[in-house]
Every structure is written in structure tokens, then in C-alpha cells.
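Here is a brief report on one model. Please look over the sequence and structure first.

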Amino acid sequence: MTSLTGYRGAVMTPRAGTRELDYHDDTVLTVAPGGTIVGLYKPGDAPPELRLIHDLRGSLIVPGFVDTHLHYPQTRVTGSASGPLLEWLERTVFPEEARFSNATYAADVAREFTMACARHGTTTVGAYSSSSATATTTLFRCLEDSGLRAVVGLVLMDQNCPDALRVPADRALSEADELAATWHGRDAGRLSFAVTPRFAITCSKTMLAGAAALSERRSLLVMTHVAENPKEENETLEVHPWATDYLDVYERVGLVHERTILAHAIHFDGAQWDRVGARRAKIAHCPDSNFFLGSGMMRLAEPRSRGVVVGLGTDVAAGRSFDIRRTLSHAYDASLMTAGGATAEELFELATLGGARVLGKDDVVGSLEAGKEADFVVLQRPAHAEGKEGALRIATFGSEAGPVTRTYVRGKLVWSRAAD
Ligand SMILES: [Zn+2]
């Protein structure tokens, strides 16, 4: 008889296909040996195969957080206040990313990166690497060992960047193809590869078109940045004068489709949002980064009113923390200031199931439901945070009052505060 494992405590989770947020004060999250969720049962109704129950009463169990946008090689420059965007890239980011040609450095930071994600309860990441294929392999190996779920992209850059980071289009695309062949779908889909042109300024039209072709040929996600900063937008059109606007650069080469994740999208007008909606592209909303670089505020109501799928991204290191709940707090503030009116429930969904939808993994993770894989985190819960309202407060804005104590991916413990 198969023995199941249970985790007994309060559980809060979005429910796929609805806008509902389910809350159970005392339930047993029941997981099969392979890491699939069997169901949520009242303590007296658990199946007889349930042999081991971890008693987490007094804690709160929520789906693992999904960080749809962050940069592994920027881990050590988190908090460097040298923005705005283009100046920050020149002064801080490009010199740091050049260090990733050193294998030891890349391996050390890969470990720091994966630990920082797990420690903050992030179970799935959409991570940009550097333009080094070797460093990208190092990150994949580290993620494979760590147990985390990840989408990783080799950053494509063949112009307007330091020589140390520039890789000609034919070589970069060939390396991307090799990385996809090696890593995409690894460990039953836990690891994926995404085609990742950094942004339009640092990519020739040849590179962008080749990236689109690779995404099409292998059915890969595309990750890139768009409309983050007005000066960036002006430079983009100087570099690509054949395009009518920033989004058009990507559209014309075939890079905007239902597997495309656009980060930022701050300076879109209504017509551009209509185009994003028509192409069913996804949005990585990174408000902490947007505040830190003074880039502006994305109007969350624009994508949501068009049914565009949105997730949250810390955007480390323009974002100042690996804590997706901190990003969620900034998303709330930005929503208030742009008359978006997002609620804590909606933002919690963006940080979990919404992010899974962005990364194309919502059939597997993002909510705690039977048949999905058991990616979840355990949050400390103060006694005063009672009921659904208290749980929501802790799970959304309560990083300090309700820190992560354990992080699980596919039913496997990948981080525990007790062992840290
Ligand atoms: Zn970014």
C-alpha cells in the first residue's frame, strides 16, 4: 500500500479557474510519494494510507511563491542605488555580469541565489542568467541540486554592451539551442529553458529574429524587458528605426506571442495594451524595481481589464529583495497610486497562481489542489493573526511577522529555517 505524507495546519490557496481564495483553519495537505497532492482533508477524514503527519498547527501553509522575473548574476549587487536604468546598467550591472566568466565566481553566486530564493519561500523562478553559456550551465546544475523549480534564460546581447558581455548572434543562438537541448524539460519538467534577449537596445535585428525562430522551433518561453524607462524607449527607436514603437520592435520579428513574458511594461498606452492582449503575451510586474530605479508605475488595471495574465517579479537586483511578499507590498502601493484598486487577495493570487500562469506552469503548481505538485511554504503565524483575514495579512504583507520556516518543492523539503 502506498504511504502518503500529511502536513496538518491552516492552509490558504487560490483555486484554479476561479477568483476564489480558499482558507481552511485545520486541514491535512496530503501528498503522494512522488510529490503530487492527493487532496486537502479534514483531520478525521484523511485516507488510511496516510502514515506520517507533520504537525504544523499554529503555522500557515500556502503555495510556494513564484518569482517571474529576476537576475541571477545580479545577486551580489542587490541594493546598489546607481539608477536610473541605463546608467545603472553601465555603472553596476554590466561590470558585475562580466565576472561570470569566472567559473568559481559563477558557482558561488549560483548557490547564494538559489538559497536566497528558497529562504524567502520562492519555489519557482523565471531567472535571467548572464550572456555566459558556462555560467548558465552552472546555474542549471545548482538549481537541479537545490530542488527548486525554474525557468532559466541565457541572456542574448550582441551590441551596445561591453565587449566582455557581447556574444555574436550566431554563436549566442547556437549556445542557447544547446542549453535548451540539454536542460529544457529536465527532471520531469522541473527545469526549463527560455529564449531571453535582454532588451531591444542590446540586440541586433538578426539576434531578435533568431531568438523568435528558436522560440518557435522548440516551443520555448521568451523573456525580455519592455517600456521600462522613457530614455530607454527613445534609444530603442534610435537603434531600431524601422519600428514604430518599443513593442513593435518585438512584434515585427515574431517575439510577442502567448509564451512571451514582458517585464515592466510601464509606459504602454491603451493601444499597446490592446496589442499585448491580442497576442496573449504575459506580464512580469516588478514594482519594487520600478520604484528603486525611478522608472514609473505600471497601471495594473490595464492588463487586468484585458484579461492579460500578470505575475510578480522581484527583479533582483533592481528590486532590493528576494522577498516576493515585499514586491507584493509595492504592487499594492503602486495599484493604489494608479487607481488600480487591487486587493490583497488579488495580489496573493499574482504571487502564486498568477506567476505560475505567466511561466506556463499553472497546470502543475501555483495552488494547493489535488493532482498538482506539492510546492508549498510554511509560514510562522502569530497567534493574533486569526482566521482568513489574519492569514491573508501574514501571507501578503507579513514577511516580518510571518517569516518562512520551511520551503517544499514537489513534496521535498528544499529549505528549513531550523537547518539554515
Ligand atoms: Zn530585469
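## Two buried residues

His71 and Asp315 are both buried. The model that shows them is predicted. His71 belongs to strand S5, residues 65–71. Asp315 sits in the loop between strand S13 (310–312) and helix H12 (324–337). The two are 244 residues apart, and the pair links distant parts of the chain.

## The zinc site

Which residues coordinate the zinc ion? His69, His71, His225 and Asp315 do. Each histidine of the site uses its NE2 atom, while Asp315 uses OD. The distances run from 2.1 to 2.4 Å. Along the sequence, the donor residues follow the spacing H-x1-H-x153-H-x89-D.

The geometry is irregular. Angles among the four donor atoms of the zinc ion span 89 to 171°. A tetrahedral label requires all angles to lie between 85 and 135 degrees, so the upper end of this range rules that label out. For reference, the ideal angle for four tetrahedral donors is 109.5 degrees. Water is not among the atoms, so a site may look incomplete.

## Cysteines

How many disulfides does the model contain? The count is zero. A disulfide is a covalent bond between the sulfur atoms of two cysteines. The cut-off for the sulfur pair is 2.5 Å.

Why does Cys117 form no such bond? The closest cysteine sulfur, in Cys142, is 9.9 Å from its own sulfur, and that is too far. Cys142 is likewise in no disulfide, with the sulfur of Cys117 as its nearest cysteine sulfur at 9.9 Å. Both side chains can also be placed by accessibility. Cys117 is buried, at 1% relative accessible area. Cys142 is buried too, at 14%.

## A nonpolar surface patch

Three residues make up a nonpolar patch on the surface: Phe291, Leu336 and Met337. Together they offer about 310 Å² of accessible area. Leu336 is part of helix H12. Is Leu336 buried or exposed? Its relative accessibility is 54%, so Leu336 counts as exposed.

## Leu89 and a distant partner

Leu89 lies in helix H1, which covers residues 85–98. Its relative accessible area is 6%, so Leu89 is buried. Ala318 is 229 residues away from Leu89 along the chain. In space, the C-alpha atoms of Leu89 and Ala318 are separated by 9.7 Å.

Note on methods: Residues are numbered from 1 along each chain as its sequence is written. This is a predicted model: local features need pLDDT of at least 70, side-chain atom pairs count only at pLDDT 80 or more; totals for chains, interfaces and linings use all residues. Side-chain values use heavy atoms; hydrogens and water are left out. Donors are N, O and S atoms within 2.8 Å of the metal (3.2 Å for Na, K and Ca); water is not among the atoms, so sites may look incomplete. Four donors count as tetrahedral if all angles lie between 85 and 135 degrees; four count as square planar and six as octahedral if opposite donors are over 155 degrees apart and all others between 65 and 115; anything else is irregular. Helices (H or I, at least four residues) and strands (E, at least two) are DSSP runs, numbered from the N terminus. Buried means under 20% relative accessible area, exposed over 50%, partly exposed in between (1.4 Å probe, protein chains only). Patches are made of residues with over 30% relative accessible area and no salt bridge: like charges are joined within 9 Å, nonpolar side chains (Val, Leu, Ile, Met, Phe, Trp, Tyr) within 5 Å. Accessible areas come from the Shrake-Rupley method with a 1.4 Å probe; for residues, only the protein chains shown count as cover. A salt bridge is a side-chain nitrogen of Lys or Arg within 4 Å of a carboxyl oxygen of Asp or Glu.
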